[in-house]
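Biologist: Before I rely on the labels attached to this model, I would like to go through them one at a time and hear what stands behind each.

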Amino acid sequence: MHADDVRMKPLWEKCGELGMPVSIHVADPMWMYEPMDVHNDGLMNAYKWRIDTTREGLLTHTELITTLENAVRENPKTTFIACHFANCSYDLDILGRLLDKYDNMYADISARYAETAAVPRYTKRFYEKYQDKLVYGTDMGTDPEMYELTFRILESEDEHFYDKNISSYHWSFNGLGLSDEVLKKVYSENAKKILD
């Protein structure tokens, strides 16, 4: 069942009634849906996690994002947290349009550091614009080194560094140099607001 399946409606309504936010993963990164060839920029991860787009009835990436939007729109009393930037890290403007449109939608930043830290200026502007709608997450284990890397990406202005322990992409990481105000919201204040 997809997020907008009518059979899911009672669950979403009950979550809203109970004040229980829904953390929801829809789609996978766009590269998993594209041909596995030299033109696929995310091939090094996409090949391992590729989606069989030849399967009948399988929704495309865009269609899956639409199911999320439908669920969010149809359940305005329920708070939805789209995991992994709603898997729109290849074009955060897609997520931005949804965050602009729906007060009951948020996004977590988990497990998309490799994709977003490769384009630091664009990503920093996104964080600044949507600082009230993003929450910290990792989804990459619990090793202290992993946390140190996520903090380095979010807090520092370091450029062009690698960490093969959490990413098999060929892209380098770059620090975003987020302000203390943005960091406080992403690390804790937005989560507190959601849970109040």
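Modeller: Helix H8 (residues 180-195) is a good place to begin: it has 16 residues and reaches 22 Å from its first C-alpha to its last. As a caution, this is a predicted model, in which local features need pLDDT of at least 70 and side-chain atom pairs count only at pLDDT 80 or more, while totals for chains, interfaces and linings use all residues. Residues are numbered from 1 along each chain as its sequence is written, and side-chain values use heavy atoms, with hydrogens and water left out.

Biologist: What makes the span of H8 close to the expected one?

Modeller: The expected span of a helix is 1.5 Å times one less than its number of residues, and for the 16 residues of H8 the expected value is 22 Å, to which the 22 Å reached is close. The name H8 itself follows from DSSP runs, numbered from the N terminus, with helices being H or I runs of at least four residues and strands E runs of at least two.

Biologist: Where does H8 bend, and by how much?

Modeller: H8 bends by about 50 degrees at Val186, the bend being the angle between axes fitted to the seven residues ending there and the seven starting there.

Biologist: Why is Asn45 called buried or exposed?

Modeller: Buried means under 20% relative accessible area, exposed over 50%, and partly exposed in between, with a 1.4 Å probe and protein chains only; Asn45 has 15%, and therefore counts as buried. Asn45 belongs to helix H2 (residues 43-49) and, leaving aside its neighbours within four places in sequence, is in contact (heavy atoms within 4.5 Å) with Met32, Ser168 and Tyr169.

Biologist: And why is Asp196 placed in its class, buried or exposed?

Modeller: Asp196 has a relative accessible area of 85%, so it is exposed. Asp196 lies in the segment after H8, and its C-alpha is 8.3 Å from that of Gly19, although the two are 177 residues apart in sequence.

Biologist: What is the class of Lys133, buried or exposed, and why?

Modeller: Lys133 is buried because its relative accessible area is 12%. Lys133 sits in the loop between H6 and S4, and not counting residues up to four places away in sequence, its contacts include Leu99, Tyr102 and Asn190. Asn190 is in turn one of the buried residues of H8, and those buried residues pack against elements including strand S3 (105-108) and helix H6 (120-129).

Biologist: What is notable about phi of Phe85?

Modeller: Phi of Phe85 is near 55 degrees, a positive value in a residue other than glycine. Phe85 is in the loop between S2 and helix H4 (92-101), and its relative accessibility is 0%, so Phe85 counts as buried.

Biologist: How do you know what lines the largest pocket, and which residues lie nearest its centre?

Modeller: On a 1 Å grid over the protein atoms alone, a pocket is an open set of points where a 1.4 Å probe fits, with protein on both sides within 12 Å along at least five of seven lines, and lining residues have an atom within 4 Å of a point. By that rule 19 residues line the largest pocket, and Met32, Asn45, Trp49, Ala111 and Arg112 lie nearest its centre. Ala111, in the loop between S3 and H5, has 16% relative accessibility and so counts as buried.
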